Amino acid sequence: MEKQKLVFQKLEREDLVRLLGYFRAQNTKISNFSAGFLYMWSHHMSTHFAEWEDCLILRDMFVGKLYFYYPISKSGDEAAQERALGAIEEYCREEDIRLHLTNVPREKLSALVLRYGDELHLSNIRRWRDYLYLADDFKTFAGGKYSGQRNHINKFKKTYPNYSFAPLKEEELPQAEAFLREYAASQYAKGEFSASEEMNGTFALLPQVFRLNMACGALRVGEKIVALSIGERCGDMLVVHVEKALREYAGAYPTTAQLFAQTFGEGVTYINREDDAGDTGLRKSKLQYLPVGLVDKYNLAVKRTFDGLSKLPKIKTARLTLAEVAERDEAAFAALCRDRELNRFWGYDWRQDAPETVEDQWFLRDIRNDFRQKNELPLGIYCKTTLVGEVVLHHFGYRAQAEIGMRVLPEWQGRGIAKEALLGLMEYGFGKLSLERIEAKCFKENVASAATLKAAGMRVCGEDETYFYFYKTAAM
């Protein structure tokens, strides 16, 4: 019954070479799925990666939360991408991580809405959307809409008739680095963090363009490099990561943009010139090249119905009340938790998280904190006004599933209380929390627990060396 699990490792720059196949095959139109982007910004992101079937899954940390990139498949297998998405969900469930997705393509959005229902919070931040252009437009700049670009290019060519543009050779790297140092002087002088860090990323990327099989071209006037572009082929688009030109050479930018597209754009449909990061000047410049669209990059926070529960419910059954454990019962609840036999079969040993000195009130605080953090839904089992046990829903998943557990004080066992409590909480879970599947497990030697789970209508669905596994669905 051992499940394959996602294993993430820190993405180091040297890993990108063996991951190139994923980036070259991706068809999301999103520049974040590229070696150049990840290389340039790796020092400012805590990117980790995992491979699942033929899919690559990237993960980053933003503002204290983990975000998982939508999986990309090396072979374009959409079914594999969905299975990889399921692996992310299971990973988050097992690790008690809230599920956040990032860089979700627009075309995947409707399927995710169907997958998660209305338990979603979506955002699509404008400053991070990529600018997408038709490659043929850049190759020709034809028509009246591009008259400004053509005029600048013609002026450049007339002013500098000894210009040339060619792919950079490896032995020419020192010249390119000298150009970047000259260009960088003005960028660093701005004193802007983003400009300086983008420049640092460019310096880091330049020596790697041949190892990463990137497109790199230099515009020269005579022997002097006056502009430089770096990009890479991703699916049917050419992503432009770097485009730098010396401002004193008027027209160098549009000239480089056109010649780069002509030189490296054979067979591509689109040119992706990345985002504007909220820079108003950069936004104006990118819009002047007339994009055919902005590439949406959706962020999704997936919620569970349990996440919206503000207080613990009170559930009535024929003989019992399932409710929040009252303050007056902290001693009885502590006795329940401390019972060695019950604790042995509970599946969680409170001693691993407890302080050296444990007072009765600690146990009550602990379960209340678990509910506040939405890690579990713990309810006391009351027979009239006496606390006789506990029943919980925990291990909530992102496909409307949860795990159930119960324990009853020894002196109250053998009266059908555990079965009644299980049925009461399962009815609440299916009805009020809209769960689709409730699961359970018990130690193989815990024969009584296994019999109770079966009596409550749960079916065996597997076993391993330690546990029997059970489940029940809303339809059963």
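Which residue in S4 does Phe-62 stand opposite? Phe-62 stands opposite Lys-65. The views below are of a predicted model.

**View 1. Strand S3 and its partner strands S2, S4 and S5.** S3 joins strand S4 (residues 65-69) through four bridges, and the two run antiparallel. They form a hairpin with two residues between them, and Val-63 in the turn has a positive phi of about 45 degrees. S3 also pairs with S2 in the antiparallel sense, over five bridges; here Ala-50 has Ile-57 as its bridge partner in S3. Strand S5 (residues 72-73) is joined to S3 by two bridges, again antiparallel, and Leu-56 is partnered there by Ile-72. Of the eight residues of S3, six are buried.

**View 2. The turn at Glu-53.** Glu-53 is placed in the loop between strand S2 (48-52) and strand S3 (55-62). The hairpin of S2 and S3 has two residues between the strands. Glu-53 is not a glycine, yet its phi is positive, about 55 degrees. Its relative accessibility is 47%, and Glu-53 therefore counts as partly exposed.

**View 3. Phe-23 in the largest nonpolar core.** This core has 73 residues, and Phe-23, Leu-38 and Leu-206 touch the most other members. With neighbours within four places in sequence left aside, the contacts of Phe-23 include Leu-16, Phe-33, Leu-38, Leu-56 and Ile-72. Also in contact with Phe-23 are Glu-232, Arg-233, Cys-234 and Gly-235. Another core, of 53 residues, lies apart from the largest one; among its members are Leu-309, Phe-396, Phe-430 and Ala-450. In soluble globular proteins, nonpolar side chains tend to be buried together.

**View 4. Helix H13 against strands S18 and S19.** H13 (residues 360-372) lies across S18 and S19, and its direction is at about 135 degrees to that of S18. The buried residues of H13 are Trp-362, Phe-363, Leu-364, Ile-367, Asp-370 and Phe-371. Their cover includes helix H11 (330-338), strand S18 (376-383) and strand S19 (386-394). Just after H13, Lys-374 takes a positive phi of about 60 degrees. Lys-374 also lies over the face of Phe-306, 6.0 Å from the ring centre.

**View 5. The eight-stranded open sheet.** The strand order is S16-S17-S18-S19-S20-S21-S23-S22, with mixed pairing. Strand S16 (315-316) and strand S22 (459-463) stand at the edges; each has a single partner strand, so one side of each is without a neighbour in the sheet. S16 is joined to strand S17 (residues 320-323) by two bridges, and these strands run antiparallel. Ile-315 stands opposite Leu-322 in S17.

**View 6. His-395 in the loop after S19.** His-395 lies in the loop between S19 and strand S20 (401-408). Its phi is positive, near 55 degrees, in a residue other than glycine. Is His-395 buried or exposed? With a relative accessible area of 17%, His-395 is buried, because buried means under 20%.

**View 7. The ring pair of Phe-8 and Tyr-91.** A search of the whole structure finds 23 aromatic pairs. In this one the ring centres of Phe-8 and Tyr-91 are 5.1 Å apart and the planes are at 65 degrees, so the pair is edge-to-face. Phe-8 belongs to the segment before strand S1 (9-10) and Tyr-91 to helix H3 (residues 78-95), and the two are 83 residues apart. Phe-8 and Tyr-91 are both buried.

**View 8. Rings at strands S21 and S23.** Phe-443 and Tyr-467 form a tilted aromatic pair, 4.8 Å centre to centre with 45 degrees between the planes. Phe-443 is in strand S21 (residues 437-443) and Tyr-467 in strand S23 (residues 467-473), so the pair ties together parts 24 residues apart in sequence. Phe-443 is buried, with a relative accessible area of 16%, and Tyr-467 is buried at 18%. The charged end of Lys-444 sits over the ring of Phe-468, 5.4 Å from its centre.

**View 9. A cluster of rings.** Tyr-133, Phe-138, Phe-141, Tyr-146 and Tyr-289 are linked into a cluster by ring pairs.

Conventions. Residues are numbered from 1 along each chain as its sequence is written. This is a predicted model: local features need pLDDT of at least 70, side-chain atom pairs count only at pLDDT 80 or more; totals for chains, interfaces and linings use all residues. Side-chain values use heavy atoms; hydrogens and water are left out. A nonpolar core is a set of buried Ala, Val, Leu, Ile, Met, Phe, Trp, Tyr and Cys residues joined through side-chain atoms within 4.5 Å. Buried means under 20% relative accessible area, exposed over 50%, partly exposed in between (1.4 Å probe, protein chains only). Contact means heavy atoms within 4.5 Å. Two strands pair if DSSP finds at least two bridges between them. Axes are lines fitted to C-alpha atoms, for helices over the stretch in contact, and angles run from 0 to 180 degrees between N-to-C directions. Rings of Phe, Tyr and Trp (its six-membered ring) pair if their centres lie within 6.5 Å; planes under 30 degrees apart count as stacked, over 60 as edge-to-face and the rest as tilted. A charge sits over a ring if NZ of Lys or CZ of Arg is within 6 Å of the ring centre and within 35 degrees of the ring normal.
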